[in-house]
Amino acid sequence: MAEPTVFELSSPGRIGVRYPVPDVPESTMPDGLIRNSLPLPELSEQDIIRHYTRLSKLNYSVDGGLYPLGSCTMKYNPRVNEKAARLPGFAGVHPFQPVETVQGCLALMYNLQLTLAEISGFKGITLQPAAGAQGEFVGVAIIRAYHLSRKDEKRTKILIPDSAHGTNPASSAMKGFEIVPIPTDKDGNIDLAALTSACDETSAGLMLTNPNTLGLFETHVLEVIRIVHQAGALVYGDGANLNALLGIVRPGDLGIDIMHFNLHKTFSTPHGGGGPGSGPVGVTENLVDFLPTPVIDIIEDGSEDMAPLYGFRTPSHSIGRVKSFNGHFGMLVRAFTYISMYGGEGLRNISEYAVLNANYLLSRIRNEYKLAYDRVCMHEFVLEGRWDDAPGVIALDIAKRLMDYGFHPPTNYFPLIVHDALMIEPTETENKQTLDAFADALIAIALEAKNEPDLLKSAPHVTPVGRLDEVKAARDLVLCCWIPDRED
Amino acid sequence: MFIPHTESETGEMLKALGLKSIDELFEDIPDKYRFPKLDLPPALSEMEAFSMVQAISQSNESTQDLICFLGAGAYNHYIPAVVDAVISRGEFFTAYTPYQPEISQGTLQAVFEYQSLIAALTGMDVSNASHYDGATACAEAGVLAFHHFFGKRPRIVISPSLHPHYRETMRTYLQGYADVDIVGDESGVNPLLHPDQLVSKVDESTSLVLVQYPDFFGRIFDLSSLAESVHEKGALLGVAVNPLSLGLLKPPGEFGADIVVGEGQSLGIPLSFGGPYLGIFATRKELVRKLAGRLVGESVDQQGRKGYVLTLTAREQHIRREKSTSNICTNQGLMALASAVYLSSLGKNGMRAVANLCYQKAHYAASQIARVPGFAVLDDVPFFHEFIVHCPDSVEEINLHLLDHGILGGYDLGCDYPTLKNHMLIAVTEMVDKEDIDLLTEILGEAHHG
């Protein structure tokens, strides 16, 4: 039985939240500016709780089980993070309060900037970007501003490997850049010859995801960076896969110029059903003046018995403001809390176990599945979801059948350069028993694919709904269950 | 803690891989840079970490301790307990973008209902699944308008009474779009102009006119004649709203707005020092294929059961790459959920009640402040819950004095508008009572004399 919508559950006159009557003399309302109808639903508080509780039960979540969505780092979200972000001394702070009254918020942000700089090897950090995609946008804007500041105006192209996330080209296009795709070689690395011939005086930068979306560390990363720098271009690092590198290698040390972090991936802030994320950006010393406004800085030095005064600063060649107020502060509190529980040495364990888990899982299923590039993987790996002796079965069928076994499917059909890609990222927070159970399910499905392919083609069987008609959704376009009726 | 491996399990896993140590997995990393020592404090237990973070939070003063008359785009409202109860469910907050609809119907239906609630509130046909915040929603409105006219109408007219952060963000986003020229808020322009005065800037090369309602100064104008003039020139009218005010005010859809954007923080989202908030984005149905961001639509499965899916994904970056309408990859999922729970719980009655409380209290506050010698309230235009006060001294000094009495004073408009030096923007919500307002008035009187 489908859950009705809040509009269908509505009963005229029912009250959900009651407010006090005004304690001030009544003022008149302005003529012609007051609405007649307000077509919102009317429910009781229990109606609301039951509705959303029932909806919640239709969701798969990290709390419910393994969520091996490649490139998304669906690790456990520690509950203390939630408690920290909800502290009244954080949640109740207005962004425009005088700086003297918000020294706690600013100190936390300042320390998080320093912490992320230390983890990544960058010199300057902005905490402003709202998500990874906005971090990319900031990075590309900085690349543009850097070249323009040097009067180097013919750099109109951004080089992007064919394995990159779709946000890379989309972010570059937003800044007016032309995209030059760079192919991947037979080992899953950037094709060095192609990169060399693509690099010239019109190249503004390379967007490099490392480990790349195949889950492989670029073996020739130092050479890649050297080639790009030699052409006068900058290297942008997509930090989506940073969960493989904490305490393992610092992107800034490798020579990468700019990188965004995804606090919602690497640093355990929850994915929230699709946001809010947080996408801070780190840059090398020669780019710090281009960071978006504001950055948090010490505006009055402290002394032995006086804390310094923290405040806002606009960098001298700032690309400008990218959102209102001060970044996704609530997410910053969560990430800061998380990092403090690992410390300088513990962070390395995160990546060690993320990579161990991925390699262990891969070892369990490598006889049953074709591996796109057969190397030691980092925190994730990419399989081909198809077999010659099961001709009708595609990756989507495997993904859907996994739901019957109680698992969230991996990312499928990405990266685009692998046929029927299944991109699997277990993260470090999964235990061996869960990995074994998932491997067993994948092995069972591989067998079913050959013997009972219809089981896969018709999957999932145990979910609240089956495969939905996406063509109908796009054609009929029902995006709203309240039809605007301006006469109401 | 969060890494569950026991020593013996790690041993078994390494053995399965034929390895002696985890370090062997990292041989692709250049030697010289492998395993850097990170100079960070040692690990804390949960108990220590929480107490450290709590101590940091306690060095702030917050709206819990202070009487808040500060707004300017972020407002101190009561959040019913039901909102946090719902968004604290792990089934919602530990899920991701609903790529697999069969096991994401909870999130998908919640977003579909969010879209419906926003459409109903704004009087528009469709809403997307949300943007990051009010500023980025304004920027995306500019991007939409640019693409709608295929780049052939590069001019965008914005009102000087659009939030300063929204205007700055639009400029950052639109640098790089060929020939885009953002006009209307130049330094010589009277920040308090009537929106109809923007018409003189609108020409055949204009794609979008963007105004705020209530505007940054809290003022409300009938936008119907502006809409008519903008449409005569073939351009789109965008309106940035405070959605809470629409519990009372005529929605922009009724004035003929083509795009409605806004900061959704007032709908059940904590102030949290500026984020995460919620970017509202709604349009007329003719623009739906130009919308950036996620959209959820209704469909059926093979057995005819109703269900929801992400739709029109062909616009998006993971398919269209550089040809997509935006690079946005997520939405503000959990914040959209919070606002949907807020809107559904308050409903018709509660939204009217809270908007009315804000309106009544703000008008009482304005009438009282107007009586304080040396202070003047600019109330020649109707306002919602925020208004301009001309002060006898610098706003900064007055605010310091108010702070001494536990009052968070208004926003200093001189920071953004040189001609509004010594002008304070006061916001009044349901969270203050008559005594608080009387105290404010009393202290303002002292501030002037003292």
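Biologist: What makes the span of helix 6 of chain B close to the expected one?

Modeller: In this predicted model, helix 6 of chain B has 15 residues and runs 21 Å from its first C-alpha to its last. The expected span is 1.5 Å times one less than the number of residues, and for this helix that comes to 21 Å. The two values agree, so the span is close to expectation.

Biologist: How do you know that helix 6 of chain B is largely enclosed by the rest of the structure?

Modeller: A residue is buried if 20 or more other C-beta atoms lie within 10 Å of its own. In helix 6 of chain B, 14 of the 15 residues are buried, so the helix is largely enclosed.

Biologist: What follows helix 6 of chain B, and what is the sign of its phi?

Modeller: B:Phe150 follows the helix, and its phi is positive, near 50°. Most residues other than glycine have a negative phi.

Biologist: Why is helix 6 of chain B called oblique to helix 7 of chain B?

Modeller: The axes of helix 6 (residues 134-148) and helix 7 (residues 164-174) of chain B come within 8 Å and cross at roughly 45°. Angles under 35 degrees count as roughly parallel, and 65 to 115 as roughly perpendicular. The angle falls in neither range, so helix 6 of chain B is oblique to helix 7 of chain B. As for the hand, helix 6 of chain B passes helix 7 of chain B in a right-handed crossing.

Biologist: Which residues make the contact of helix 6 with helix 7 of chain B?

Modeller: From helix 6 of chain B come B:Gly134, B:Ala135, B:Thr136, B:Cys138, B:Ala139, B:Gly142 and B:Val143. Helix 7 of chain B supplies B:His165, B:Tyr166, B:Thr169, B:Met170, B:Tyr173 and B:Leu174. By type, the residues of this contact are eight nonpolar, five polar and no charged.

Biologist: How do you know that helix 5 of chain A and helix 2 of chain B are oblique to each other?

Modeller: The axes of helix 5 (residues 103-120) of chain A and helix 2 (residues 46-58) of chain B cross at roughly 130° and come within 6 Å. Perpendicular pairs have angles of 65 to 115 degrees, and antiparallel pairs have angles over 145. The value lies outside both ranges, and the two helices are therefore oblique. In the contact, A:Gly104, A:Ala107 and A:Leu108 meet B:Ile56, B:Ser57 and B:Gln58. These residues divide into three nonpolar, three polar and no charged.

Biologist: How many residues of each chain are in contact with the other chain?

Modeller: There are 171 residues of chain B in contact with 166 residues of chain A. Helix 11 (residues 333-369) of chain B gives the most to the side of chain B that touches chain A, with 22 residues. That side of chain B holds 83 nonpolar, 58 polar and 30 charged residues.

Biologist: Why is A:Leu195 called buried?

Modeller: A:Leu195 has 24 other C-beta atoms within 10 Å. The cut-off is 20 or more, so A:Leu195 is buried. A:Leu195 is found in helix 8 (residues 192-198) of chain A. Leaving aside neighbours within four places in sequence, its contacts are A:Ile182, A:Ile190, A:Val224 and A:Ile227.

Biologist: Why does A:Ser71 count as buried and A:Tyr413 as partly exposed?

Modeller: A:Ser71 has 24 C-beta neighbours inside 10 Å, so A:Ser71 counts as buried. A:Tyr413 has 18 such neighbours. A residue is buried at 20 or more and exposed at 12 or fewer, so A:Tyr413, with 18, counts as partly exposed.

Biologist: What is the phi of A:Ser71, and what is that of A:Tyr413?

Modeller: A:Ser71 is not a glycine, yet its phi is positive, about 80°. A:Ser71 is found in the loop between helix 2 (45-56) and helix 3 (79-85) of chain A. A:Tyr413, also not a glycine, has a positive phi of about 65°. A:Tyr413 lies in the loop between strand 12 (411-412) and strand 13 (421-424) of chain A.

Biologist: Which residues of chain B does a cis peptide bond join, and what is omega?

Modeller: A cis peptide bond joins B:Tyr213 and B:Pro214, with omega about -10°. The bond from B:Gly275 to B:Pro276 is also cis, with omega near 0°. Most peptide bonds are trans. B:Pro214 is in the loop between strand 5 (206-213) and helix 8 (224-232) of chain B.

Technical notes: Residues numbered from 1 in each chain as written. Chains lettered and ligands numbered in written order. Predicted model: local features only at pLDDT ≥ 70, side-chain atom pairs only at ≥ 80, totals over all residues. Helix = DSSP H or I, 4+ residues; strand = E, 2+ residues; numbered from the N terminus. Contact = placed C-beta atoms within 7 Å. Nonpolar A, V, L, I, M, F, W, Y, C, P; charged D, E, K, R; others polar. Axes fitted to C-alpha atoms, helices over the stretch in contact; angles between N-to-C directions. Left-handed = near helix turned anticlockwise from the far one by under 90°.
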